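Open the model in your viewer and keep the sequence panel beside it. Each stop below gives a selection and then says what to look for.

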Amino acid sequence: MGRVKGSAQSSKSVWPVYLFLEELEKMAQEFDESLKGLEQSVIADMKRVYSEKTIDHFLNPRNLGEIPTPDGFARVTGPCGDTMEICLKVRDGRVMDASFWTDGCGPSIASGSMVTEMAKRMSISEAQKISQRDVLAALGGLPEESEHCALLAADTLKEAIKNYLAFKDEPWKRAYMR
Ligand code: FES
């Protein structure tokens with residue numbers, strides 16, 4: 001009877017599955033470590049340019065998204081071409097909730113996050129006074145070339161408040177807005 005040549009040898013050379021899985025796990029760990037290293041070096045680079053607060057609000061933005069049926073809403077596009085939106089929920093003349101969205105840069109995300117945090121729980125007249133300078137101060141400053149990102153956030157908040165005030169007494173008119 002003919003023997004299959006080399007069959008004993010080929011069964012020995014089959015790599016056991018557990019070794020393969022171990023190797024995969026090792027590769028995944030190495031990948032994780034190099035990713036962490038990369039992340040740390042990106043954060044170290046950011047720290048050379050931005051404050052801790054700016055980095056925190058950029059990496060963990062607060063109030064990102066939409067508020068359904070907002071009492072005040074604005075969409076503003078700055079001279080750089082980036083857009084920010086702000087939604088407000090207002091009760092008894094006070095900002096009960098605020099959210100933002102932007103397609104802009106990291107500093108604009110940090111500024112939108114900060115300005116909505118600042119406005120929450122303020123009276124409308126207090127929130128209206130939040131300026132670019134206030135946002136910059138709260139963020140611990142931005143590089144000069146990014147200061148306009150804080151202006152975009154402050155301006156969008158002001159427009160959202162204007163929008164709230166315009167419909168405050170006749171909110172039903174929102175249904176006819178286009
Ligand atoms: Fe446009 Fe920052 S560069 S908002």
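The tour goes from domains to the sheet, and then to the helices.

**Stop 1: the domains**

Keep in mind that this is a predicted model. Colour residues 14–49 as domain 1 and 58–176 as domain 2. Put a marker at the C-alpha centre of each domain; the two centres are 39 Å apart.

**Stop 2: strands 1 and 2**

Select residues 72–77, which are strand 1, and residues 83–91, which are strand 2. The pair is antiparallel and is held in register by six bridges. Two bridge partners are good places to check the register. Arginine 75 is matched with glutamate 85 in strand 2. Threonine 77 is matched with threonine 83, also in strand 2.

Now move to the turn. Five residues separate the strands of this hairpin. Pick glycine 81 there: its phi is positive, at about 95°.

**Stop 3: strands 2 and 3**

Add residues 94–102, strand 3. Strand 2 and strand 3 run antiparallel and share eight bridges. Leucine 88 has alanine 98 of strand 3 as its bridge partner. For arginine 91, the bridge partner in strand 3 is arginine 94.

What separates strand 2 from strand 3 in their hairpin? Two residues do. Select aspartate 92 in this turn and read a positive phi of about 50°.

**Stop 4: the whole sheet**

Show the three strands together. They make an open sheet in the order 1-2-3, with antiparallel pairing. Which strands stand at the edges? Strand 1 and strand 3 do; each has a single partner strand, so one side of each has no neighbour in the sheet. Look at the turn from strand to strand: neighbours are rotated by 15° against each other on average, direction ignored.

**Stop 5: helices on the sheet**

Select residues 106–119, helix 4. Helix 4 packs on the sheet and touches strand 2 and strand 3. The direction of helix 4 makes about 170° with that of strand 3.

Next select residues 147–167, helix 7. Helix 7 also packs on the sheet, where it touches strand 1 and strand 2. Its direction makes about 140° with that of strand 1.

**Stop 6: helix 6 against helix 7**

Keep helix 7 in view and add helix 6, residues 132–139. The two axes come within 8 Å and cross at roughly 120°. That angle makes helix 6 oblique to helix 7. The crossing is right-handed.

Show side chains at the contact. From helix 6, pick Gln132, Val135, Leu136 and Leu139. They meet Glu147, Ala150, Leu151, Ala153 and Ala154 of helix 7. By class, this contact has seven nonpolar residues, one polar and one charged.

**Stop 7: helix 3 against helix 4**

Finish with helix 3, residues 52–59, and return to helix 4. Their axes come within 8 Å and cross at roughly 90°. Helix 3 and helix 4 are therefore roughly perpendicular to each other.

Which residues make the contact? Helix 3 supplies Thr54, His57 and Phe58. Helix 4 supplies Gly106, Pro107, Ile109, Ala110, Ser113 and Met114. Colour the contact of helix 3 with helix 4 by class: five residues are nonpolar, four are polar and none is charged.

Key
Residues numbered from 1 in each chain as written. Predicted model: local features only at pLDDT ≥ 70, side-chain atom pairs only at ≥ 80, totals over all residues. Domains from an automatic or database assignment. Pairing = 2+ DSSP bridges. Helix = DSSP H or I, 4+ residues; strand = E, 2+ residues; numbered from the N terminus. Axes fitted to C-alpha atoms, helices over the stretch in contact; angles between N-to-C directions. Contact = placed C-beta atoms within 7 Å. Parallel < 35°, antiparallel > 145°, perpendicular 65-115°, else oblique. Left-handed = near helix turned anticlockwise from the far one by under 90°. Nonpolar A, V, L, I, M, F, W, Y, C, P; charged D, E, K, R; others polar.
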